[in-house]
Amino acid sequence: MRYELSKILGEKRLCLLFLFIALGNALLFYEYCMDDSPGYTMLQMQEMYRTETIDTLRERHEELREQMGWGNAYEGNAYEEDVYESDALLTGDLYCEYKLAGAVLERMEQAERYSEYRQQLVGDALIKLKLGLLGDSTSFSGRSLARGAGEYEELAAVEPETSFSGGIEVLVNWHATDLCLLLFGLGAGLFLLTYEKGLGVNKLTRPARYGQGRLYLRKYAAMLFFVSAGFVVLYGTNVWIGGKLFGFGNLGRAVQSVYGYNGCPMEISVGSFLVRLLLLKYIWTLSCATLLFFLCTLTGTAAVVALLTVAAVALAFFMGESRLWWLRCFSLKQLACVEQLFQGAVYLNFFGNPIRRIPVAVLCTVLMMAASLGAGIAFYCMTPG
């Protein structure tokens, strides 16, 4: 593995390209953190969290709504611009301030009303189960309702914090880093397999004692190490930027404190959620990199690899849009959105029994990685240089 890895690290142009990818990822993530397209920024949201309570914010939100209604009027030919723009507003604009207050209030109310929301989920599930609206208790739908109600009932002791979680939100919702990591795997595969095959190096190594399966595994191990290093650098940069800008708050608070995750059926902390999320992303990254590495085994032409990659992406999107849950589970596009696995109690039908999506997602990802690796070894050994 060391020799194969030294090939990658010794190629200055390749290393320079990956350095630019890492810098580009950092800049794009920073721009995403500072995005003001909704009319406000995450920093302004954080400041409103510091200065307002949920009660004062409700009053402020109502006042802003009333001011907007009054400010729409004209007095002669003069437009009341001072109503809409003021240094006293965080955003400098009345409408944007109203949107900002609404966004913060929505997040605060999600945490405050969690107990009511959880009880409603349990109640609705029990009513549907009792009336048999989705089938009897022995059907998959009935068992799903019963299991969901039971899991939410076990969360009675969970008390979300009404605190700012912007650092978690930006880190979880940013997916461009995943695409950057795929370039690491593709670049390593093109250099170690496609490029060498195009030069005819395989004709020299194939007759050697370890020139087939073992050589492929060494190249594969070098690629995994390279991609893993890229994962640490890119996601480490994201964590550092998000932490510096917004912080992550109390990592011991319930994950239901984070906006959009009040439907999570698991009693886990924010810290545990982040660890699981990054671990799932890492497994997904290795699976995609293994698939790309296999595609690089098939040909000695980079253009053909590019076409095969486009075809694989198209297939992943097709499977990801399927109405069949099991088909979607094998879609790398769907598996890339691992944060969705924590947002609600949705189960898969396994011979009439409801099972959680997270272990299925892990199993599918590992199976695809193993299949790609096996196919890569077989093709590498069977095909002459």
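# Exercises on a predicted protein model

Phe-351 sits in the loop that connects β3 (347-350) with β4 (353-356). The model in which this loop appears is a predicted one.

## Exercise 1. A residue in a loop between strands

Determine whether Phe-351 is buried or exposed, and state what sign its phi angle has.

*Solution.* Begin with the position: Phe-351 belongs to the loop between β3 and β4. Next, consider the backbone: phi of Phe-351 is near 55 degrees, which is a positive value in a residue other than glycine. Finally, consider the accessibility. Exposed residues are those over 50% relative accessible area. Phe-351 has 75% relative accessibility and therefore counts as exposed.

## Exercise 2. A residue in a loop between helices

Locate Val-255 with respect to the helices, classify it as buried or exposed, and identify the residues that it touches.

*Solution.* First, Val-255 is placed in the loop between α12 (213-245) and α13 (270-297). Second, the cut-off for a buried residue is under 20% relative accessible area. The relative accessible area of Val-255 is 0%, so the residue is buried. Third, when residues up to four places away in sequence are not counted, Val-255 touches Tyr-261, Cys-264, Met-266, Ile-268, Ser-269, Val-270 and Phe-273. Fourth, a distance may be added: Cys-288 is 33 residues from Val-255 along the chain, and their C-alpha atoms are separated by 28 Å.

## Exercise 3. Salt bridges within and between helices

State how many salt bridges the structure holds. Then describe where the partners lie in the pair Glu-47 and Arg-50 and in the pair Glu-97 and Arg-60.

*Solution.* The structure holds 12 salt bridges.

Step 1. In the bridge between Glu-47 and Arg-50, the closest N and O atoms are 3.6 Å apart. Both residues belong to helix α3 (residues 42-51), where a spacing of three residues amounts to about one turn of the helix. Glu-47, at 29% relative accessibility, counts as partly exposed, whereas Arg-50 has a relative accessible area of 60% and is exposed.

Step 2. Glu-97 forms a salt bridge with Arg-60, with the closest N and O atoms 2.8 Å apart. Because Glu-97 lies in helix α6 (residues 94-112) and Arg-60 in helix α4 (residues 54-71), the pair ties together parts that are 37 residues apart in sequence. The relative accessible area of Glu-97 is 0%, so Glu-97 is buried. Arg-60, by contrast, is partly exposed at 21%.

## Exercise 4. A network of charged side chains

Which residues are linked with Glu-109 and Arg-113 in a network of salt bridges?

*Solution.* Start from the pair itself: the side chains of Glu-109 and Arg-113 meet in a salt bridge with an N to O distance of 3.6 Å. Then extend the view: Asp-55, Arg-58 and Glu-112 are linked with Glu-109 and Arg-113 in a network of salt bridges. Lastly, compare the accessibility of the starting pair. Glu-109 counts as buried at 17% relative accessibility, while Arg-113 counts as partly exposed at 42%.

## Exercise 5. A nonpolar surface patch and a buried glutamine

Name the residues that form a nonpolar patch with Leu-19, and find the contacts of Gln-334.

*Solution.* Leu-19 is part of helix α2 (residues 12-33). Leu-16, Phe-20 and Leu-23 join Leu-19 in a nonpolar patch on the surface, and together these residues have about 410 Å² of accessible area. Leu-19 has a relative accessible area of 46% and is therefore partly exposed.

Gln-334 is located in helix α16 (residues 332-336). At 16% relative accessibility, Gln-334 counts as buried. Residues up to four places away in sequence being set aside, Gln-334 touches Gly-320, Arg-328 and Gln-340.

## Exercise 6. The protein as a whole

Characterise the protein by its secondary structure, its burial, its contacts and its charges.

*Solution.* The secondary structure consists of 17 helices and four strands. The protein has 385 residues, of which 45% count as buried. Its C-alpha atoms fill a box of roughly 85 × 60 × 40 Å along the principal axes. Of the contacts between residues at least 6 apart in sequence, 77% join residues at least 24 apart. The accessible surface is about 19600 Å², and carbon and sulfur atoms account for 62% of this area. Finally, the protein carries 32 positive and 37 negative charges, whose mean positions are 22 Å apart.

Conventions:
Residues are numbered from 1 along each chain as its sequence is written. This is a predicted model: local features need pLDDT of at least 70, side-chain atom pairs count only at pLDDT 80 or more; totals for chains, interfaces and linings use all residues. Side-chain values use heavy atoms; hydrogens and water are left out. Helices (H or I, at least four residues) and strands (E, at least two) are DSSP runs, numbered from the N terminus. Buried means under 20% relative accessible area, exposed over 50%, partly exposed in between (1.4 Å probe, protein chains only). Contact means heavy atoms within 4.5 Å. Accessible areas come from the Shrake-Rupley method with a 1.4 Å probe; for residues, only the protein chains shown count as cover. Lys and Arg count as positive and Asp and Glu as negative; His and the chain ends are not counted. The place of a charge is taken as NZ of Lys, CZ of Arg, CG of Asp or CD of Glu. Patches are made of residues with over 30% relative accessible area and no salt bridge: like charges are joined within 9 Å, nonpolar side chains (Val, Leu, Ile, Met, Phe, Trp, Tyr) within 5 Å. A salt bridge is a side-chain nitrogen of Lys or Arg within 4 Å of a carboxyl oxygen of Asp or Glu.
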